[in-house]
Amino acid sequence: MTQLQQLASTNLRYAVKTLYKNQLIFLGREYPKGEKYFRDRCHHAFMKNKDETDPEKIKELIGRGEYVLKELEALYMLRKYRALKKRYYDQ
């Protein structure tokens, strides 16, 4: 493995760990079905692809994880919007 390939591999590993630990697990704490449910599903998804070595496939999987992250953010914003609407506009 050349030094450039090793550097790329290290960068991808860092990106995956950051996505998992710092972003998804953090946002999953307030998941509607519970933190444990989300953490277990997220862990299963990451473990299913733990042996992937192709950099292009790893980048694709990181993109999928970022999509899930954006969906979670949208879910939380919608929940906050509904709570505020319910508080200020009686229906």
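The following paragraphs go through the helices, core, salt bridges, aromatic pairs and surface patch of a predicted model.

Helix α3 covers residues 55-88. At 1.5 Å a residue, its 34 residues should span 50 Å, and the C-alpha atoms at its ends are 49 Å apart, which agrees. The residues of α3 that are buried are Ile58, Leu61, Ile62, Gly65, Leu69, Leu72 and Tyr76. An α-helix has 3.6 residues a turn, so residues three or four places apart point the same way.

Leu72 appears again in the largest nonpolar core, which has 13 residues. Together with Leu24 and Cys42, Leu72 touches the most other members of this core. Three elements give two or more residues to the core: α1 (3-27), α2 (35-48) and α3. Of these, α1 supplies the largest share, with 6 residues.

Charged side chains come next. Side chains of opposite charge can pair when their charged atoms come close. The whole structure holds 6 salt bridges. One of them is formed by the side chains of Arg79 and Glu30, at 3.3 Å from N to O. Arg79 belongs to helix α3 whereas Glu30 sits in the loop between α1 and α2, so this bridge ties together parts that are 49 residues apart in sequence. Arg79 has a relative accessible area of 38% and is therefore partly exposed. Glu30, at 47% relative accessibility, also counts as partly exposed.

Other salt bridges lie within α3. Lys59 and Glu56 meet through their side chains at 3.9 Å, N to O. These two residues are 3 apart in helix α3, so about one helical turn separates them. Lys59 is partly exposed, its relative accessible area being 46%. Glu56 reaches 53% relative accessibility and so counts as exposed, since the limit for that class is over 50%.

Arg64 and Glu60 also form a salt bridge, with an N to O distance of 4.0 Å. Here the spacing in helix α3 is 4 residues, which again means a separation of about one helical turn. Both residues are partly exposed: Arg64 has a relative accessible area of 47%, and Glu60 is at 45% relative accessibility. This bridge does not stand alone, as salt bridges with shared partners join Lys57, Glu60 and Arg64 into one network.

What aromatic contacts does the structure hold? There are 3 aromatic pairs. In one of them, the ring centres of Tyr31 and Tyr37 are 6.1 Å apart and the ring planes are at 15 degrees, so the pair is stacked; planes under 30 degrees apart count as such. Tyr31 is partly exposed at 24% relative accessibility, and Tyr37 is partly exposed at 31%. Ring pairs also bring in Phe38, so that Tyr31, Tyr37 and Phe38 are linked into a cluster.

The last feature is on the surface. Leu84, Tyr88 and Tyr89 make up a nonpolar patch there, and their accessible area together is about 390 Å². Tyr88 lies in helix α3 and, at 59% relative accessibility, counts as exposed. Helix α3 thus has an exposed residue in Tyr88, while Tyr76 is among its buried residues.

Notes
Residues numbered from 1 in each chain as written. Predicted model: local features only at pLDDT ≥ 70, side-chain atom pairs only at ≥ 80, totals over all residues. Heavy atoms only, no water. Phe/Tyr/Trp six-rings, centres within 6.5 Å; stacked < 30°, edge-to-face > 60°. Buried < 20%, exposed > 50% of the residue type's maximum accessible area, 1.4 Å probe, protein only. Patch = residues over 30% accessible without salt bridge, like charges linked within 9 Å, V, L, I, M, F, W, Y side chains within 5 Å. Areas by Shrake-Rupley, 256 points an atom, 1.4 Å probe, with all protein chains shown as cover. Expected span 1.5 Å × (residues − 1). Core = buried A, V, L, I, M, F, W, Y, C linked by side-chain atoms within 4.5 Å.
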